[in-house]
Amino acid sequence: MVLTKEEEQFIRRKHEHTLKLRSEYLKQSSNPFRHATGEGGTVFDAGLARFQAMRVSNYEHFKPTGRSFRMGMLAVVLPIALYAWALKAERDGREHKYRTGQVAYKDRQFKFI
């Protein structure tokens with residue numbers, strides 16, 4: 001794959017920026033006198049703080065749409081309804097076999113039904 005001169009310069013700038021950020025992080029995280037400043041042993045990450053604030057305030061900014069309604073129905077309501085229907089059908093079929101005498105009492109899975 002051949003890169004253009006602009007793409008190569010962009011990649012080089014990005015790599016230099018990454019190295020600069022990495023060295024700054026290592027400098028801050030390995031400072032033995034950091035506890036004296038009252039900051040503790042962790043480095044403040046603005047991106048992580050923004051992400052955590054977004055996660056906390058996500059509900060405040062949620063706008064219900066047709067797609068979110070459909071996804072909620074498909075992910076929550078539909079599986080519960082299908083499982084309930086399958087349980088009901090299986091139990092009704094078993095109860096029908098018990099009541100019509102197709103299964104002897106000694107062969108039942110659960111006695112006292």
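What follows is a friendly conversation about reading a few features of this predicted model.

Colleague: Let's start with helix α3. What distance should its 34 residues span?

Modeller: The general idea is to allow 1.5 Å for each residue along a helix. For α3, residues 66-99, that gives an expected span of 50 Å. The end C-alpha atoms are 46 Å apart, which agrees.

Colleague: Where does α3 bend?

Modeller: Look at M73, where α3 bends by about 40°. Then follow the chain past the helix to G101, whose phi is positive, near 80°.

Colleague: How many salt bridges does a search of the whole structure find?

Modeller: First the general idea: side chains of opposite charge can pair when their charged atoms come close. In this structure the search finds 4 salt bridges. One of them joins E8 to R12, with the closest N and O atoms 3.1 Å apart.

Colleague: How far apart are E8 and R12 along helix α1?

Modeller: An α-helix has 3.6 residues a turn, so residues three or four places apart point the same way. E8 and R12 are 4 residues apart in α1, which means about one helical turn separates them. E8 is partly exposed at 40% relative accessible area, and R12 is partly exposed at 48%.

Colleague: Which residue forms a salt bridge with R99?

Modeller: That is E95, with the closest N and O atoms 2.6 Å apart. These two are 4 residues apart in α3, so they too sit about one helical turn from each other. R99 is exposed at 68%, while E95 is partly exposed at 26%. Helix α3 also holds D92 and K88, 4 residues apart, whose side chains meet in a salt bridge at 3.1 Å, N to O.

Colleague: Is R94 buried or exposed?

Modeller: The idea is to compare its relative accessible area with a cut-off: under 20% means buried. R94 has 19%, so it counts as buried. R94 lies in helix α3 and, leaving aside neighbours within four places in sequence, is in contact with Q109 and F110.

Colleague: Which residues form a nonpolar patch on the surface?

Modeller: They are F69, M73, V76, V77 and I80, with about 470 Å² of accessible area together. Take V77 as an example: it is found in α3 and is partly exposed, at 40% relative accessibility.

Colleague: And how far apart in space are N31 and R55?

Modeller: They are 24 residues apart in sequence and 31 Å apart in space, C-alpha to C-alpha. N31 lies in the loop between α1 and α2, and its 34% relative accessible area makes N31 partly exposed.

Key:
Residues numbered from 1 in each chain as written. Predicted model: local features only at pLDDT ≥ 70, side-chain atom pairs only at ≥ 80, totals over all residues. Heavy atoms only, no water. Expected span 1.5 Å × (residues − 1). Bend = angle between axes of the 7 residues up to and from the residue. Buried < 20%, exposed > 50% of the residue type's maximum accessible area, 1.4 Å probe, protein only. Contact = heavy atoms within 4.5 Å. Patch = residues over 30% accessible without salt bridge, like charges linked within 9 Å, V, L, I, M, F, W, Y side chains within 5 Å. Areas by Shrake-Rupley, 256 points an atom, 1.4 Å probe, with all protein chains shown as cover.
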